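Trainee: I am new to this structure and would like to know what stands behind the labels people use. Could you take me through some of them?

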Amino acid sequence: MADASYPDDLVYHAEHDWARVDGDTATLGITWYAQDQLGEVVFFDPPAVGTEIKKDSPYAEVESVKAVSDVIAPLSGEIVEVNTDLGDKPEAINEDPYGEGWMVRVKLSDAAEKDSLLDAKAYEASLS
């Protein structure tokens, strides 16, 4: 299990999802807090490449030993890559939520949506 952390180079959604924005694409995943609340992740059900996702809407599911939970999109766009390694190693979501545990990459449809997300300090403050 990873140690609690909220990297400064990411932006955060109130539903415990993160985005690493690089130009007109973003890598998405769930935060340390989300994976900690879920417990041991045993399955990741990703969307297909080419799927359009909408900010604030579910785009995937993670199943843990405790529950099945929706993954909420922090930004809108088209899925251009899925982390297929999670099919064989879903525990990467627990072990390295900001690295090997990333979930999808999207081509952003509205880069300005990033401005409505939280920085690391504001996200951490929202947890207390």
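Mentor: Gladly; we will go through the sheet, the core and the salt bridges, keeping in mind that this is a predicted model.

Trainee: Let's start with the sheet. Which strands form it, and in what order?

Mentor: Three strands make an open sheet in the order β4-β6-β7, with antiparallel pairing.

Trainee: What makes β4 and β7 edge strands?

Mentor: Each of them, β4 (41–45) and β7 (68–72), has a single partner strand, so one side of each is left without a neighbour in the sheet. Neighbouring strands here are turned by 30 degrees against each other on average, direction ignored.

Trainee: How do you know that β6 and β7 count as paired?

Mentor: Two strands pair if there are at least two bridges between them. Strand β6 (residues 58–64) and β7 have five bridges in the antiparallel sense, so the pair meets that cut-off. E61 stands opposite D70 in β7.

Trainee: Now the inside. Which residues touch the most other members of the largest nonpolar core?

Mentor: That core has 26 residues, and L28, Y59, I93, M103, V104 and V106 touch the most other members. Elements that each supply at least two of its residues include β3 (25–30), α1 (32–38) and β9 (104–108). Leaving aside neighbours within four places in sequence, L28 is in contact with residues including W18, I53, Y59, W102 and V106.

Trainee: Why is the link between K107 and D24 called a salt bridge?

Mentor: The rule asks for a side-chain nitrogen of Lys or Arg within 4 Å of a carboxyl oxygen of Asp or Glu. The closest N and O atoms of K107 and D24 are 2.6 Å apart, so the pair qualifies. K107 is in strand β9 and D24 in the loop between β2 (17–22) and β3, 83 residues apart.

Trainee: Why is K107 called partly exposed?

Mentor: Buried means under 20% relative accessible area and exposed means over 50%. K107 has 41%, so it falls in between. D24, at 40%, is partly exposed as well.

Trainee: What makes E81 and R105 a salt bridge?

Mentor: Their closest N and O atoms are 3.0 Å apart, so the pair is within the 4 Å cut-off. E81 lies in strand β8 and R105 in strand β9, so the salt bridge ties together parts that are 24 residues apart in sequence.

Trainee: How many salt bridges are there by this rule?

Mentor: The count comes to six. Another of them joins E100 and K89, at 3.4 Å from N to O. Salt bridges that share partners join K89, E95 and E100 into one network.

How values were computed
Residues numbered from 1 in each chain as written. Predicted model: local features only at pLDDT ≥ 70, side-chain atom pairs only at ≥ 80, totals over all residues. Heavy atoms only, no water. Helix = DSSP H or I, 4+ residues; strand = E, 2+ residues; numbered from the N terminus. Axes fitted to C-alpha atoms, helices over the stretch in contact; angles between N-to-C directions. Core = buried A, V, L, I, M, F, W, Y, C linked by side-chain atoms within 4.5 Å. Buried < 20%, exposed > 50% of the residue type's maximum accessible area, 1.4 Å probe, protein only. Contact = heavy atoms within 4.5 Å.
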